[in-house]
Structures are given as C-alpha cells and as structure tokens.
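Visitor: I have a structure open and no idea where to start. Can you walk me through it?
Guide: Sure. Let's put it on screen.

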Amino acid sequence: MRLPNTFLTLLLLCWIALPSRAELPWKRSVVYSGASCATAVAADFTGDGRVDVICNAGNVTRLLVAPKWTEVVLAAEPPLGLIHSETMDADGDGDPDFIGARYSPGLVFWLERPQHPLKERWPMRVVDERVNGIHGLLVGDVDSDGTPDLLANSAQPVGPFKHSLVWYRRPRAAEQSWTRSVFARGDAPGLSHYLGLGDVNGDGRPDAASGAKGGPQDTSRMGNWFAWWEAPRDPTGVWTKHLISDSEPGATNIHPADVNGDGQTDFVASRGHGQGVVWFEAPHWKRHDIHATLRGPHCLVVCDLDGDGDPDAATCAKDDRLAVWFENDGRGQFTTHVVGRDQAAYDIRAVDIDGDGDLDLLVAGQASQNVVWYANPTR
C-alpha cells in the first residue's frame, strides 16, 4: 500500500523534531538528603544484584540500600568527616568493601563487608595514618599483577611524606598491613587533589597524574599545575615527574584518555577551585578548552557515556550548581549537554546504577547536602 505524500511529510517532520539521544533529559533521583556530603560510591554491597550507595554525610558513613535507598549506618563513632572514598575488594574475598579518606589529620581506612552486610558490623581497618592532606583516592592495578591497588595523595606540607603521592599494595589477609610506596617524593607541592592512572608513554606500565590547586592556602606558592609521573620497571621506587602545564589556577582533576583517536594518550582535566574543563593533546600537551567558563568543576569522570566508542567527560560544578556532560565527536571536539540544574557537587562517579547497560552519574552534593543520581538516556 502506498502512503499518501501528506502522511510521509508529517512523519518526516516528526522525525526531524525528535531530540537526539544526546539531548534527551537525564532523570534525577534522590538517594540521600539532610547533611553535607563530600563523597559517595556505588556497588552491589548487599549481594542482591542491585547497585547500592555508600556515602559519608554529617560525619556518618551510611549504606543506602537500593531500590528504596534504605539507610543503614556503617560507622558513626568516632565521627569521621571524609573528603573522598573508593570501593574495592580490599580483602580478596570477592565482594566490594569501602575505603574512606580523611583530609587532615590524614587517615585512610577501609570497612570490611561482612557476610551479612545488613545485620552485622562492618569492621574498620586502618590503611595508613602517616600521610596527611589526603584529598584523592584511586583504585588501579599499579604493579600490573592482576589485583587492585590503592593510590592516595599527601598534600599537606607536614609529616614524613609532605607534598607527595603514594600507592598501597593490598595485603593477602584483612588483618595484615598495606605496603606503602612513595612514588612522588616531595615533588607534588601546592595542595594536590585527585589522581589519574594509565599508560601515558606506551611502555605497558601504568603511569600516574595529578594536579594542585594553589591559591591562598598554598604556602609553598608552587601550585596551579598538572603533571604526570612515569612509572619505572620497579613501581615501588621513585617515579619520574613530567610537567604538563604550570598555569592552571585551581587545578583538581586529570585523567588519561585518547581523546582524538590518534593512538596517543592525552589528558582531560578540570580546574575545580577555579574555572574551566580542558584537554591536553599529546605529545606536546597543547591545551584545548572543553568548557572555558564553568565555575568550580571540582569533580570529573572520563568515560564513554553515549556508547559510541570514544571518551566523553562529565562534571558537576560546585559553584555554578550545574551538572553537565561533554560529548566527544571522536576527534577532540566536545559538545556540552546539561544533565541537571541547581545541584552542587564535590564528587561524581560513572556507574550503571539501574542495570540497563549504560553509565549513569552519581553525584555527592556538599553544598546541596544530598546524594543524587542521574539516569543516562543516551542509549
């Protein structure tokens, strides 16, 4: 049957009027509200196949159980205000545990998921108490042995590891000590923040990157930089520092990724105590603006959000109170899309919360006093 021309015309107009997948709205759901929250992570902590959330709000570490986000207090005494966190299988028993970091006095600890996580106490175990000014944690296989390790920064100008970056090898048993290796010994001044991990120079070994915000609190006057550290054959030794840029006021986040598809490792970075999201093109680290004026993009994730095979990025600006994602065309040209408004953040994670096969965004709102997640509509 041949359709009338008027019907075909209407059908075409309707198809043209439909928004692209990138422009579809991201549904917002509140996980927690009521107190300032600087960090939140997501995993199936209960073993029921659903992704749960652990956050630290009001100095209390809380498990929020999906799908109704039922609250279970994991640690309230002593009250610990956490600035960052991670999740990893810290004891090698096959389930996710929680790792938390206090800024100063420095403390890295982990909570062991028990066999019955909703009924039993989660034992607290110390990773390290000697680093100070811990702002960022990162899980990755530093020594390429097939098991996860933990990275952290020691940003404060005090203590035995001032202005340094460290990594920890996971012990074989929960009761054993974590092995600390200082890979950036004193050459990360200026109040470093978060870390990135990836093979930058193509030698098969994961390298590390970080940034330092500088500013009035930087007594060293040596901040405002992004840099990467080249891993040696023995990763327990000192790594070689390579400066990317020393004119980045408010530098906080940096992640390695092949942004333009040329086979080389570039970097995506944000100036979360200033303004702007940028990327640095390898091999000479030419800076390109992704969003030049976004204020306070303190958090950053770099991953394939729209499923087209190239790395995109997302942030939630604490000062502009705007959650956005940046769509990469595969050649390093980015389009900004709004995810949510009137939402501040200190932390953001990309994780498939609803189990539909794409990466959603989990945001811990420090100034917003909440934890929310946005469902990814792009697939």
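**A walk through the model**

Guide: Start with Phe98, which counts as buried at 0% relative accessibility. Keep in mind that this is a predicted model.

Visitor: Where is Phe98 in the fold?
Guide: Phe98 sits in strand S7, residues 97-102.

Visitor: And what is Phe98 in contact with?
Guide: Skip its neighbours within four places in sequence. Then Phe98 is in contact with Val41, Ile54, Thr61, Leu82, Ser85, Glu86, Phe109, Trp110 and Leu111.

Visitor: How far is Phe98 from Trp228?
Guide: Their C-alpha atoms are separated by 27 Å. Along the chain, the two are 130 residues apart.

Visitor: OK, new topic. Which residues touch the most other members in the largest nonpolar core?
Guide: Val53, Cys55, Trp69, Leu362 and Val371 do. That core has 20 residues.

Visitor: Which elements give two or more residues to this core?
Guide: Five strands: S1 (27-33), S2 (37-43), S3 (52-57), S27 (360-365) and S28 (370-375).

Visitor: Where else is there a core?
Guide: Another core, of 18 residues, lies apart from it. Its members include Ala101, Trp110, Trp178 and Val182.

Visitor: Back to Cys55. What is Cys55 in contact with?
Guide: Leave out neighbours within four places in sequence. Cys55 is then in contact with Tyr32, Cys37, Thr39, Ala40, Val60, Thr61, Arg62, Leu64 and Val371.

Visitor: Cys37 and Cys55 are in contact. How many disulfides does the count come to?
Guide: Zero. Cys37 is in no disulfide. The nearest cysteine sulfur belongs to Cys55, and it is 4.2 Å away. The cut-off for a disulfide is 2.5 Å.

Visitor: Is Cys37 buried or exposed?
Guide: Buried, with a relative accessible area of 0%.

Visitor: What about Cys299? Why is there no bond to Cys316?
Guide: The sulfur of Cys299 is 5.6 Å from the one in Cys316, its closest cysteine sulfur, so the two are too far apart for a bond. Cys299 also counts as buried, at 2% relative accessibility.

Visitor: Switching to rings. How many aromatic pairs are found?
Guide: A search of the whole structure finds six. One of them is Trp26 with Trp325. That pair is tilted, with 50 degrees between the planes and 6.3 Å centre to centre.

Visitor: Which parts does that pair tie together?
Guide: Trp26 lies in the loop between helix H1 (5-17) and S1. Trp325 is in strand S24, residues 322-328. The pair therefore ties together parts that are 299 residues apart in sequence.

Visitor: Are those two buried or exposed?
Guide: Trp26 is buried, with a relative accessible area of 6%. Trp325 counts as buried too, at 0%.

Visitor: Which residue lies over the face of Trp225?
Guide: Lys241 does, at 4.7 Å from the ring centre.

Visitor: Let's try a loop. Where is Asn132?
Guide: In the loop between strand S9 (124-128) and strand S10 (137-140). Asn132 is buried, with a relative accessible area of 13%.

Visitor: What polar contact does the side chain of Asn132 make?
Guide: One with the side chain of Ser104, at 3.1 Å. Beyond four places in sequence, residues in contact with Asn132 include Tyr103, Pro105, Ser154 and Gln156.

Visitor: Now the backbone. Where are there cis peptide bonds?
Guide: One joins Glu77 and Pro78, with omega about -10 degrees. Pro78 is in the loop between strand S5 (70-75) and strand S6 (84-88). Another joins Ala282 and Pro283, with omega about 5 degrees. Pro283 lies in the loop between strand S20 (275-281) and strand S21 (286-295).

Visitor: Why point those out?
Guide: Because most peptide bonds are trans. Most residues other than glycine also have a negative phi.

Visitor: Which residues have a positive phi without being glycine?
Guide: Among them are His163, with phi of about 55 degrees, and Gln369, with phi near 55 degrees.

Visitor: Where are they?
Guide: His163 is in the loop between strand S11 (149-154) and strand S12 (164-169). Gln369 is in the loop between S27 and S28.

Visitor: Buried or partly exposed?
Guide: His163 counts as buried, at 16% relative accessibility. Gln369 is partly exposed, with a relative accessible area of 41%.

Note on methods. Residues are numbered from 1 along each chain as its sequence is written. This is a predicted model: local features need pLDDT of at least 70, side-chain atom pairs count only at pLDDT 80 or more; totals for chains, interfaces and linings use all residues. Side-chain values use heavy atoms; hydrogens and water are left out. A nonpolar core is a set of buried Ala, Val, Leu, Ile, Met, Phe, Trp, Tyr and Cys residues joined through side-chain atoms within 4.5 Å. Buried means under 20% relative accessible area, exposed over 50%, partly exposed in between (1.4 Å probe, protein chains only). Helices (H or I, at least four residues) and strands (E, at least two) are DSSP runs, numbered from the N terminus. Contact means heavy atoms within 4.5 Å. A polar contact is a pair of N or O atoms within 3.5 Å; within protein, one must be able to donate a hydrogen and the other to accept it, and residues adjacent in sequence count only if both atoms are side-chain atoms. Rings of Phe, Tyr and Trp (its six-membered ring) pair if their centres lie within 6.5 Å; planes under 30 degrees apart count as stacked, over 60 as edge-to-face and the rest as tilted. A charge sits over a ring if NZ of Lys or CZ of Arg is within 6 Å of the ring centre and within 35 degrees of the ring normal.
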